[in-house]
Amino acid sequence: MFAQVVVPVPLDQAFTYAIPAGMSVPVGARVLVPFGPRRLVGACVGHTEIPPKQTPKPILQVLDDEPAFGPALLDLTRWVGRWYLSSWGEALMSALPSPVRRTGVRRYENVARLAVPPAEALRQAAELRSVNARWARVLEDLAEATAPVPVTELAERLEISSSPVLTLARRGLVVVEKRAMDAEDPILAHAPTGAAPPPLNADQAAAVAAIVGAHGAFRGFLLYGVTGSGKTEVYLQAIRHCVASGRQALILVPEIALTPQTISRFSARFSRLAVLHHRLTDAQRAAQWKRARAGEADVVIGARSAVFAPLPALGLVVVDEEHEPSYKSGTAPRYHARDVAVKRAQLEGAVVVLGSATPSLESWRNAQDGRYALLRLSSRVAARPLPPVEIVDMAGETGVKGRPLLLSRKLESAVRDATARGEQSILFLNRRGFAPVVFCPACRTVQKCGHCEVAMTFHKRRGVVICHHCGAEAAPPALCPACRQPGLKFMGMGTERVEEEVRELFAEAAVARMDRDTTRSRGSHARILEGVADGSTDILVGTQMVAKGHDIPGVTVVGIISADSGFQIRDFRAEERTFQLIAQVAGRAGRGEIPGKVFAQTFSPDAPSIVLAARHDFEAFATKEIAFRREWIWPPFTRLLRLVVGSPSPEESLRACGACVEASAAVLGNEGSLTLGPEPAAIPFLRDRHRYHAVFRAKTWESLWKVASAGTRALRAWKSAEAVWDMDAFDMT
Ligand SMILES: [Zn+2]
Ligand SMILES: [Zn+2]
Ligand SMILES: [Zn+2]
């Protein structure tokens, strides 16, 4: 007998290996196999009696006592690999958390701390920045840390390798030492409170009854509930029923919403809970995953990749905020976790509930067509009103010397009044840093990243300019690099500038900022939220982080500094993104006893997405947008495949992309007229690669699959060109 093994390489086939005498290789187990000159970890997906033509190589080692993959996950990953144009082996390995994927889980980790006082470290950082910016970042990060930081966590966060940390250790500025890893999740230390669940309103009760009534077979639901309407309580009660029947429930939430507050809502009800998220240590992640596989968890909650969590008898899958683009993976396999969740529920005979206050148009259409049952929660809990949203036209708002104002007069006075009354405000801006543009007035050039066609963002507190796409950073130049003139200007706004201006405007108020820059260290996110929850923070400035994963009852004023940020990328989803952004952020206001008010600042006060979001009229927006998508043939009225070709040579990139478009014409026939490109991508140069893209549309997935196959063959002629095929693409940059 031989074993069929798939490995994480982009070849969509299983390879046959010999099973050495005395070795047992169960289907679904991970195995170590020789593959060309390498050794790879793959998975056994089947057995065969038919010997291959060439003498098969033997399996070197079986890595699992119990198979890592059950039959259901084998089926699911096979589908994912095929649908998203990668191999089964790649899909299988991406289904495992990285600490499980490695052979054996590490019990110890290296942690780093400063060997010198923080002030000295910061002085050294300033001095060393021009030598190696990474050293400076490590020192700055450790200067802020309150406890030793795992080196892998530090490296991941700063997007560097561990070598700068080790170099600093050799230089005597940093100490690196071994520490035993904690395998217990601190979040799970909470025990269920045993409190009775709150009573449901009529909409909620009807939704729970419908979901519970479908238990035991595949069925899809779209739970459309306005912000604050109590969707989570519907999930919780549906899960309770599922668990009581002896099956397990899987809950997906966007990474950014997987906060301690979110988790505690589940851990307060269910003791046998497993949490899969990236802030856990390797040992914790491995332990949680193994509990799920062993059936020791009734409920598993996690972000995107948790859709592959091993569960012996899945009964219910919930995808909260199903419209969130972060469910789409940015690396191969480029799967959409919502769509994988639906497929998984179908394969395993489970119920799937997609929840949102602003459903994606794909899901909305599925509900209209009857593929999903639509459940509505039309009012907020305790009959609280949705907050009124005032659209503020920023064209009329200029300050001294005609400079644009950050806060309109209306928003400023609303925040001032709220602060005076002891109420809280949130100011939202979808851009971190101080200023997104460094501009030379003398020669009118914008400072660009050396590796990308992207403007450098100025981060004032750290005193650096950073490329938000490749992570390159440098000291802000004193002179313009192009014309050698002084007087560079930092233009535009980021959360750091908003925070600074707000501190000046409201000198008496306590201001906090929450974005990726202020939440880098473990626990910092929770500390900021505690300040907001206990009322010691008056004004919270932040990115989309402020809009997800927590309830702040005292917030009465929400200011959307720029409602136009969804329009920055002019793709067919721009209006949808804008609507979602306003509705979601506005939903933060008035969740407590006192009603709230929202201000949406914009330069396009007549844009339908903004006007309808201000009226909280999702259905009118969806109707209008669906008509647009139908007329111009965009999803959900077509399937979509995006190709991005990158090459150090712009000519090669263009010609390779063009060859794919040519090859697609034969496959697509009439539908070929819908193909866009080859044209420069929205970011035409990224990480030293010139990028051209093409967008293919067709009625069926099969046609697009053929486009990718034909294109892949055509691309072989261009050695320097790297292609990314993105099925059902979201990211159009
Ligand atoms: Zn200049
Ligand atoms: Zn860059
Ligand atoms: Zn949060």
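Four donors count as tetrahedral if all angles lie between 85 and 135 degrees. Keep that rule handy for the exercises below, and bear in mind that the model is predicted.

**Exercise 1. Which residues coordinate the zinc ion (ligand 1), and what geometry does its site have?**

Step 1: Pick out the donors. They are the SG atoms of Cys440, Cys443, Cys480 and Cys483, at 2.2 to 2.4 Å from the zinc ion (ligand 1).

Step 2: Check the angles. Among the four donor atoms of ligand 1 they run from 107 to 111°, and the site is tetrahedral. For reference, the ideal angle for four tetrahedral donors is 109.5 degrees.

Step 3: Read the donors along the chain. Their spacing for ligand 1 is C-x2-C-x36-C-x2-C. Cys440 sits in strand β18 (residues 437–440), while Cys480 is in the loop between β22 (473–474) and β23 (489–491); the pair is 40 residues apart and links distant parts of the chain.

Step 4: Look at burial. Cys440 and Cys480 are both buried.

**Exercise 2. What are the protein donors of the zinc ion (ligand 2), and how are they spaced in sequence?**

Step 1: List the donors. For ligand 2 these are Cys449, Cys452, Cys467 and Cys470, each through SG, lying 2.3 Å from the zinc ion.

Step 2: Write down the spacing, which is C-x2-C-x14-C-x2-C for ligand 2. Cys452 belongs to the loop between β19 (445–446) and β20 (457–459), and Cys470 to the loop between β21 (464–466) and β22, so this pair ties together parts 18 residues apart in sequence.

Step 3: Apply the opening rule. The four donor atoms around ligand 2 subtend angles of 104 to 116°, so the arrangement is tetrahedral.

Step 4: Sort two of the donors by accessibility, with buried meaning under 20% relative accessible area. Cys452 has 2%, so it is buried. Cys470 has 22%, so it counts as partly exposed.

**Exercise 3. Where does the largest cavity lie with respect to the domains, and what lines it?**

Step 1: Get the domain bounds. The assignment gives domain 1 (2–101), domain 2 (108–180), domain 3 (186–382), domain 4 (389–432 + 494–627) and domain 5 (639–727).

Step 2: Find the cavity. There are two cavities of 30 Å³ or more, and the largest has a volume of about 130 Å³.

Step 3: Go through its lining. Among the residues there are Tyr224, Val226, Thr227, Ala357, Phe579, Ala613, His616 and Asp617. The full lining of the largest cavity divides into eight nonpolar, three polar and one charged.

Step 4: Put the two together. Domain 3 and domain 4 both give residues to this lining, so the largest cavity lies between them.

**Exercise 4. Which helix supplies the largest share of the lining of the second largest cavity?**

Step 1: Start with the volume, about 30 Å³ for the second largest cavity.

Step 2: List the lining: Ile211, Val212, His215, Ala238, His241, Cys242, Leu316 and Val351.

Step 3: Map these residues onto helices. α8 (202–213) and α9 (231–244) each supply at least two of them. The largest share, three residues, comes from α9.

Step 4: Classify the lining. For the second largest cavity we get six nonpolar, two polar and no charged residues.

**Exercise 5. Where are the cis peptide bonds of Pro333 and Pro678 found?**

Step 1: Take Pro333. A cis peptide bond joins Ala332 to Pro333, with omega about -5°. Pro333 is in the loop between β13 (314–320) and α12 (337–348).

Step 2: Take Pro678. Here the cis bond is with Gly677, and omega is about 5°. Pro678 is in strand β29 (residues 676–686).

**Exercise 6. Ile633 and Asp728 have a positive phi: is each one buried or partly exposed?**

Step 1: Note the backbone angle. Ile633 has a phi of about 55° although it is not a glycine, and Asp728 also has a phi of about 55° without being a glycine.

Step 2: Place the residues. Ile633 is in the loop between α19 (618–632) and β28 (639–647), whereas Asp728 is in the segment after β31 (722–727).

Step 3: Compare with the cut-off of 20% for burial. Ile633 is at 32% relative accessibility, so it counts as partly exposed. Asp728 is at 12%, so it counts as buried.

Definitions and conventions
Residues numbered from 1 in each chain as written. Chains lettered and ligands numbered in written order. Predicted model: local features only at pLDDT ≥ 70, side-chain atom pairs only at ≥ 80, totals over all residues. Heavy atoms only, no water. Donors = N, O, S within 2.8 Å, 3.2 Å for Na, K, Ca; no water. Tetrahedral: all angles 85-135°; square planar, octahedral: opposite > 155°, others 65-115°. Helix = DSSP H or I, 4+ residues; strand = E, 2+ residues; numbered from the N terminus. Buried < 20%, exposed > 50% of the residue type's maximum accessible area, 1.4 Å probe, protein only. Domains from an automatic or database assignment. 1 Å grid on protein atoms, 1.4 Å probe; cavity = no way out; pocket = protein on both sides within 12 Å on 5 of 7 lines; lining within 4 Å. Points joined across faces, edges and corners; volume = space filled by probe spheres on them. Nonpolar A, V, L, I, M, F, W, Y, C, P; charged D, E, K, R; others polar.
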